[in-house]
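Let's take a walk through this structure together, one stop at a time. Have the sequence and the 3D view open as you read.

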Amino acid sequence: MDIKPNTLSLIALCREYCAEIEGVDEADATEFVRAMVRLLPRIYIAATDLDRMVTVEESEDQGLDNYLEEDYYESLRFKLENLFGPDDVYLEVFESEMKYSDTPIRASLAEGLCDLFQTFYNFTESVKGAFSEDLLAAAVNGVRDEFESGWSQMLVNVMRPLNAIVNRTLSDDEY
């Protein structure tokens, strides 16, 4: 199989992200947030550079298969919620309902990171099980389609509160 460098880069970054999330038990909050701030923009850039893979038997894409169990997702979300404490909840301004609302819309950093984890986990598991060009193409096209339809916005949404935490931490370290 001929895999392009930008596809390999995205796979590696998604695996690194999943490892960080799965290692949240041993994580120091400050280092964890800094790791997220370093990884997420790189994942975004790699995804924007991802080419659609065309195969001999191009079929209608069905998205990524779901490998992540709900209990595992919830356990990671709970651990992240505990890690962030009061910083877990932030006000979201990029929700479509926001323009019709008089009250702010609250979002959870832990939930957003776990939603990204679910996509990246399903992608890396799909790639791991891709023993043919068609299966690899389906996984790459699936993650690319999901990027365009949703997880790209989630990624940039969680970057804002993560950035605020990092900048507050850096400011606190100076004193």
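What kind of link do the side chains of Arg77 and Glu81 meet in? They form a salt bridge, with 2.5 Å from N to O. Keep in mind that this is a predicted model, so every distance here is computed from predicted coordinates.

Stay with Arg77 for a moment. Arg77 and Glu81 sit 4 residues apart in helix α3, which puts about one helical turn between them. On the general side, an α-helix has 3.6 residues a turn, so residues three or four places apart point the same way. Arg77 has another partner too: its side chain meets that of Glu74 in a salt bridge, at 2.7 Å from N to O. Here the spacing is 3 residues within helix α3, so again the two are separated by about one helical turn. How covered are these two acidic partners? Glu74 has a relative accessible area of 31%, so it is partly exposed, and Glu81, at 26% relative accessibility, also counts as partly exposed.

Another salt bridge, between the side chains of Arg160 and Glu92, comes in at 3.6 Å, N to O. This pair ties together distant parts of the chain: Arg160 belongs to helix α5 (residues 133-173) and Glu92 to strand β1, with their positions 68 residues apart. The two ends of this bridge have their own surroundings. Arg160 has a relative accessible area of 36%, so it is partly exposed, whereas Glu92 is buried, because its relative accessible area is 1%. Going back to α3 with these bridges in mind, Glu74, Arg77 and Glu81 are joined into one network by salt bridges that share partners. Across the whole structure, a search finds 9 salt bridges.

Now step back and look at the whole chain. It has 5 helices and 2 strands, and reading along the sequence gives the pattern α-α-α-β-β-α-α. Of the 175 residues in the chain, 41% are buried. The accessible surface comes to about 9,900 Å², and 50% of that belongs to carbon and sulfur atoms. What about contacts that span the sequence? Among contacts with a separation of 6 or more, 81% are between residues 24 or more positions apart.

Next, find Asp88, in the loop between α3 (70-84) and β1 (89-92). This residue carries a charge, so which charged side chain does it pair with? As a general point, side chains of opposite charge can pair when their charged atoms come close. Asp88, though, is buried yet has no salt bridge: Arg77, the nearest side chain of opposite charge, is 6.1 Å away. What the side chain of Asp88 does reach is the backbone nitrogen of Ala110, at 2.6 Å. Setting aside neighbours within four places in sequence, Asp88 is in contact with Glu81, Ala107, Ser108, Leu109 and Ala110.

That brings us to helix α4, which runs over residues 109-128. At its N-terminal end, Ser108 acts as a cap, with a side-chain oxygen 3.3 Å from the backbone nitrogen of Ala110. So the backbone nitrogen of Ala110 has Asp88's side chain at 2.6 Å as well as the Ser108 oxygen at 3.3 Å. The helix has 20 residues and reaches 28 Å from its first C-alpha to its last, close to the 28 Å expected at 1.5 Å a residue. It is mostly covered, with 16 of its 20 residues buried.

Our last stop is helix α2, which spans residues 29-48 and includes Ala47. Is Ala47 buried or exposed? Ala47 counts as buried because its relative accessibility is 5%. Leaving out residues up to four places away in sequence, Ala47 touches Leu10, Phe147 and Trp151. Phe147 is 100 residues from Ala47 along the chain, but their C-alpha atoms are separated by 7.2 Å.

Arg42 is in helix α2 as well. With a relative accessible area of 42%, Arg42 is partly exposed. Not counting residues up to four places away in sequence, Arg42 touches Leu13 and Glu16. Leu10, which we met as a contact of Ala47, is 32 residues from Arg42 in sequence and 8.5 Å away in space, C-alpha to C-alpha.

Terms used: Residues numbered from 1 in each chain as written. Predicted model: local features only at pLDDT ≥ 70, side-chain atom pairs only at ≥ 80, totals over all residues. Heavy atoms only, no water. Expected span 1.5 Å × (residues − 1). Buried < 20%, exposed > 50% of the residue type's maximum accessible area, 1.4 Å probe, protein only. Polar contact = N/O pair within 3.5 Å; in protein donor to acceptor, adjacent residues only side chain to side chain. Lys, Arg positive; Asp, Glu negative; His and termini not counted. Salt bridge = Lys/Arg side-chain N within 4 Å of Asp/Glu carboxyl O. Contact = heavy atoms within 4.5 Å. Areas by Shrake-Rupley, 256 points an atom, 1.4 Å probe, with all protein chains shown as cover.
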